[in-house]
Amino acid sequence: MSPEVEALLTRYIASRLAGDVPADPERLCADRPDLLSDLRECIRLFERADRTLSAGGSDDGMVPARTESLPAFEGFRVMEHLGRGGGGDVYKAEDLTLGRIVAVKILRPDSPLRDTAADFLREARSLALFEDLRIVRLLELRARHDPPLLVMEYVDGFELDVTGPSLEFAQRARIMAEIAEAVHRAHQLGIEHRDLKPANILLDARLQPKILDFGLSRAAGSPGQGRGTPGYMAPEQLEAGRAIDVRTDVYALGVVFYELLCGSRPYRGDDVAALVTAIRAGEPRLPVEVDPAVPEPLQAIALKAMEREPGERYPSAQEMAADLRRFLDGRPVLARPTLYQSALGRRLRPHLDQIREWLRIRLIYPHEADELLAAYRRLETREDDWIVHSRVLSFSQIALYLGAFLMVCGSLLYFNAYLLQAVAGLARPILVLGLPFVGLNVWATMLFRRERRAVAVAFYLAAAVLLPMFLIIFFRESALWPVSGQPEDHFFGDSGIANRQLQVAALLAGAWAFALARRTRTIALSAVSVAFVVLFHLSLLADFGLRRWLEEGTWDRLALHLAPLVGAVAAAGWLFERHGQTWFARAAHYTGAGLFVLTIELLALNGKTFQYLGITLAPLQPANVQDPLLLDTLVAMSLNGVAIYCIAWLLERFGLPLLRGPARLLFAIAPFTTLEPLAWLCKTGEYSSRFHWLFLALALLTAFLSRFRQRKSFYYAGLTNTAAALLLITDRYDWYDRPAWAMVIVGVSLLVLVLGFGLDTSERRRRSAMRE
Amino acid sequence: MMDDRLTRTLEDARAGSPDALDLLFRQAAGRLLALIRLRMGPRLRDRLESRDILQSTLLKAFDRFDQLRGGDSQALMGWLVRIAENEIRDQAEFHGRRCRDAAKEAGLDENAAAGLAAQLRSQVSRLILDEDALRLEQAMEAIDPHYREIILLRKFEELDFETIGARLEKSPDACRMLLARALAALTVKLKELS
């Protein structure tokens, strides 16, 4: 038998046990008529079993009705006491005039609430405004009766917390969506409930919710602190002076849904004070911790609605209902409760403290502590759709980004074919580049609206890279901003493409990618937009003679013209990070770091750095060196390594959190940049052979230095350069056929191994001495 | 006050009235036997005869009739169940070491006891668990113990939901819902067995 039938049977039995007329199987199966015959069969079996169970016992096996004194009202036959709430007792009664069953609420004579009568009348007025079937209807108000009476629609059902736990999660979501929609209708009329709780929500036999007890509602916007049921009160209701609005009801809806999902309230306390403290702290257990079966999207909705800060909640009950409907339609919900982040942060905190403690007592090295802390910080940052920053990889993600990447490769090759004049006319480029661009964008927009973010971003990405190439071809073919003057003045002048065409295409593509990045908040698209900005900058430089600089090798000019871009990108990264726009900041930081290295390296070529500084090391060079600027170039390159290292250190020490990534990149580059010039020097053979040995010594020193900085990049740079130095020495002296040279190296290696063995032994001794 | 009809039935049965005994059996014995069997469980049922326990339970009930507190069938069932549970425990503990003479232990007048015991034995031996009851027993034993317990408390011992709630530390409404789920689970199991 299916679980659905069992759930329906449970509801049937529950209606029997409540002593009411048993629920009608056809009404129970209104949503699922296919289950009706199964349910009937089960009911027959149940009735038979129940007869066997009850054989010889009391007639119905149910609780005998409690006999207690019931009040009498004119025109009604009071049947039973239904409950108590919102300042009054509620009775089930028969309206003798109309012959219908109603619920009658009377003010308790012993009610301590002084203004209950005012509440009562307020409720009456509020209810009269409603025509929503999900809100209990007011039938009659007897204001002059002593005490006043309110005659309401009688709901034959159970309170939400009684029936809720036996329902499927989808049913619970559907019920909650209806409740939220009904509450939203009340809000539209300017009425807030302010005492929403499961006891105030009934479910009838068709599982339709009915909201009761608008006893505390007032015209929206008026104060309502300190009133309501403590477990369901929002933090702002606990403090005088804080604004109360529709989001206070949204909070209560969140708590009701939380309880409906996992069967227990989010906040508990031995007394009201403890409960209030717990509500203010706003750190409930996650519903899945209480019941692992709770679907995560529903948990997210409940937690989003019951955010501590009203600004973080759904702005209206309607928004909450919409998210619940998304879940019911099988779409992703929008809720991202801050509790996830804060709960993770809270749970990470002891780990971070632990790591710092390990570092303090020297259990781990600083670089290990950095790695561990960085790993934990990555957990704290929001999950990104981009594969590089994704915490979880899936085949779909891999395929999507591979597709986008292949699109880039294919379109670049196509563009190259166009430059080589293998493609003519506009028709084919439209087919190959233009149509895919439009199609992918339309498709991506539709997917993005349907919350399929990862796919949408990949599609946008693939389309964005097609744009500049298509635009350039389009401009050229339609003779917009054509080549003027000499073709040599234009970067792609030989192919008939003007600088202006390049500039407009890069600018438009950059703006387009930026707009998409802003919309999707993804690093992938912001990286593309930054790349287009760099392209735009280079296309501007084309006007100043970029082509000539590259042909002539005047790298310093290129470097100097790149410097403003480095500054602009770095400033943009800093600004965006300061404003919490990490989706753009990260891409800008990495681009800035990369461009910085490129710029200072280009500047160092041909000794230009020293030339701009007005000094030269040429007099220190031996007279037989042909290139007078060789020493300037080499020293500048080595100094670049130092500069990169210093910048990395500054960024790591004083930079914004997101700059740690680029700092690590610079740390990795620095030792290579420091040593590579020496390798080049040795290769030129301009100086005395002693430089080879100096290079070897420095390479070995760098490897050993890694011990002090605990940076593996130093070690790798040291090893690579040691090998390069040995090769250069062999080449310089032409010792390729000298076994003695090889034997010397082997001998030295044995010595180093023995040295290592000795060091290891002494370290072991020291460690064991420490242990003892 | 005790329900007049029940009081009379029990008193008459105690005095040896065949009609009263018959009525009593119709009212309670069937369910009591089912409950005894369920409380014993399959392992104990292999070693002990559930009808013996029912018989000694009833004899003890006649003997201690004046200890019965409360006034309806609910109180009577609750009381009988307590006696039956003690009887099961005693017999399980002393089985094999003591041969019990239920009539003697009941402490009734010897002649009356002999007569009553004989009548009881005859009634008990006629008490058969029909197919429905046996299937129900199988289903009861196959469901979750929490479900079994609440069905026993409500349907066999006839406790009200407030008493059950106090015993299970749940609200009466929660107990009612638990019973609904338990009965649904029982029905599912019955459907599987049939």
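**Exercise 1. In this predicted model, determine which residue of β7(A) stands opposite A:Glu159, and place the pair in its sheet.**

Solution. The residue of β7(A) that stands opposite A:Glu159 is A:Leu202. The next step is to look at the strands themselves: β6(A) and strand β7 of chain A, which covers residues 201-204, run antiparallel and are joined by three bridges. Widening the view, one finds an open sheet of three strands in the order β6-β7-β8 (chain A), with antiparallel pairing. Its edge strands are β6 (157-159) and β8 (209-211) of chain A, each of which pairs on one side only. On average, and with direction ignored, neighbouring strands of this sheet are turned by 30° against each other.

**Exercise 2. Decide which parts of chain A the salt bridge between A:Glu94 and A:Arg77 ties together, and how accessible its two partners are.**

Solution. Begin with the general principle that side chains of opposite charge can pair when their charged atoms come close. For A:Glu94 and A:Arg77, the N to O distance in the salt bridge is 3.1 Å. A:Glu94 belongs to strand β2 (residues 88-95) of chain A and A:Arg77 to strand β1 (residues 76-85) of chain A, so the pair ties together parts that are 17 residues apart in sequence. As to accessibility, A:Glu94 is partly exposed, with a relative accessible area of 21%, and A:Arg77 likewise counts as partly exposed, at 42%.

**Exercise 3. Classify each partner of the salt bridge between A:Arg100 and A:Asp95 as buried, partly exposed or exposed.**

Solution. The side chains of A:Arg100 and A:Asp95 meet at 3.8 Å, N to O. Because buried means under 20% relative accessible area, A:Asp95, at 5%, counts as buried. A:Arg100, at 33% relative accessibility, counts as partly exposed.

**Exercise 4. Establish whether A:His589 is buried or exposed, and which residues it contacts.**

Solution. First locate A:His589, which is in helix α21 (residues 582-604) of chain A. Its relative accessibility is 7%, and therefore A:His589 counts as buried. Leaving aside neighbours within four places in sequence, A:His589 is in contact with A:Gly573, A:Trp574, A:Glu577, A:Leu658, A:Leu659 and A:Pro662.

**Exercise 5. Find which residues make the nonpolar surface patch of about 460 Å², and describe A:Phe708 within it.**

Solution. The patch is made by A:Leu694, A:Leu698, A:Leu701, A:Leu705 and A:Phe708. A:Phe708 lies in helix α25 (residues 690-709) of chain A. With a relative accessible area of 64%, A:Phe708 is exposed. For the chain as a whole, chain A exposes about 39100 Å², of which carbon and sulfur atoms supply 60%.

Terms used:
Residues are numbered from 1 along each chain as its sequence is written. Chains are lettered from A and ligands numbered from 1 in the order in which they are written. This is a predicted model: local features need pLDDT of at least 70, side-chain atom pairs count only at pLDDT 80 or more; totals for chains, interfaces and linings use all residues. Side-chain values use heavy atoms; hydrogens and water are left out. Two strands pair if DSSP finds at least two bridges between them. Helices (H or I, at least four residues) and strands (E, at least two) are DSSP runs, numbered from the N terminus. Axes are lines fitted to C-alpha atoms, for helices over the stretch in contact, and angles run from 0 to 180 degrees between N-to-C directions. Accessible areas come from the Shrake-Rupley method with a 1.4 Å probe; for residues, only the protein chains shown count as cover. Buried means under 20% relative accessible area, exposed over 50%, partly exposed in between (1.4 Å probe, protein chains only). Contact means heavy atoms within 4.5 Å. Patches are made of residues with over 30% relative accessible area and no salt bridge: like charges are joined within 9 Å, nonpolar side chains (Val, Leu, Ile, Met, Phe, Trp, Tyr) within 5 Å. A salt bridge is a side-chain nitrogen of Lys or Arg within 4 Å of a carboxyl oxygen of Asp or Glu.
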